[in-house]
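User: I would like a close look at a single part of this model, please, with the cut-offs spelled out as you go.

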Protein chains: 2
Amino acid sequence: MDIFFSGSIRGGRDDVDLYGKLVDLLQQHGTVLSEHVGTEGIEADQKEAGLSDGDIHDQDVAWLQQAEIVVAEVTTPSLGVGYELGRAVAWEKPVLCLYRPDAEHELSAMVRGNGAVEVTEYRTPAEVESVLDEFVRRHR
Amino acid sequence: MDIFFSGSIRGGRDDVDLYGKLVDLLQQHGTVLSEHVGTEGIEADQKEAGLSDGDIHDQDVAWLQQAEIVVAEVTTPSLGVGYELGRAVAWEKPVLCLYRPDAEHELSAMVRGNGAVEVTEYRTPAEVESVLDEFVRRHR
């Protein structure tokens, strides 16, 4: 199963370790096309590889289109995550958003009030393990 | 001309005065369906009006679909702004993004590397007046 994981990059990398743990959990179910979102130093790696913003955009959108399901960590406000959610909903992909309610920012009404995405609140990756299992099984 | 203006709400309201000035400029060219994005106290107003997150989402997406052009202020990272950009691009709407390069966050590659949106960098609303004129004229 091809999975797209979405997390903040330029919006802020405070949660990169958490993204890595969520990617690990998702990799038990399939291929996480965007696994680099969960690794430190992604921006340096992209720069070293000579990727332009156009290259990054085109690759991400191609992976998003290829993916059977989309899982996003939405606690850190991010234009890129929001953009990917908008494209995923337009393509009618199954979308699961994970949000930590002790965050600085309330979750956007465009996500929380969105009938086309599922939202799960959690505190630790361990708490979402069964949610991911169930979401994957439902869309396999 | 129906115009959708997009700016951060729950992602942070530091730029609300600026959003108000951009809405004023856009109102010289048509109807800004989402003009409330540029007003203080929007969240209190929505609460007082008894709007649920679902109501807010549904109204915003309906306005976005109705709009002939979309203008977004993208300096403050925001899930909602990103989501609206994703839906607007999927609908092939003309999209103009305004970004202040002295910002804390670099602009997302999903916006800057996106061939389907135009990006203008600026410092003050006065600087974008002619950009808005030209963008509106091109899509009227």
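How many residues does helix α4 of chain A have, and how far does the helix reach from its first C-alpha to its last?

Analyst: Happy to help. This is a predicted model, in which local features need pLDDT of at least 70, side-chain atom pairs count only at pLDDT 80 or more, and totals for chains, interfaces and linings use all residues. Residues are numbered from 1 along each chain as its sequence is written, chains are lettered from A and ligands numbered from 1 in the order in which they are written, and side-chain values use heavy atoms, with hydrogens and water left out.

Helix α4 of chain A covers residues 79-90, so it has twelve residues, and its reach of 17 Å from first C-alpha to last is close to the 16 Å expected at 1.5 Å a residue. That expected span is 1.5 Å times one less than the number of residues. Helices here are DSSP runs of H or I with at least four residues, strands are runs of E with at least two, and both are numbered from the N terminus.

α4(A) is mostly covered, with eleven of its twelve residues buried. Buried means under 20% relative accessible area, exposed means over 50%, and partly exposed lies in between, using a 1.4 Å probe and protein chains only. Among the buried residues of α4(A) are A:Leu79, A:Tyr83, A:Glu84, A:Arg87 and A:Val89.

For another helix of chain A, take α6, residues 125-139: its 15 residues reach 21 Å from first C-alpha to last, close to the 21 Å expected. In α6(A), A:Pro125, A:Val128, A:Leu132, A:Phe135 and A:Val136 are buried. The buried residues of α6(A) pack against α1 (16-27), β3 (69-73), β4 (95-99) and β5 (118-121) of chain A.

Turning to chain B, B:Ala67 sits in the loop between α3 (53-66) and β3 (69-73). B:Ala67 counts as buried because its relative accessibility is 2%. Leaving aside residues up to four places away in sequence, B:Ala67 touches B:Asp2, B:Ile3, B:Phe4, B:Leu33 and B:Lys93, where contact means heavy atoms within 4.5 Å.

As for the two chains together, chain A can be laid on chain B with an RMSD of 0.0 Å by a turn of 180 degrees and a shift of 0.0 Å along the axis. The two copies are thus related as by a two-fold rotation axis. The superposition is by least squares on the C-alpha atoms of residues with pLDDT of at least 70 in both copies. The same surface serves both copies, as 100% of the contact residues of chain A recur in chain B.
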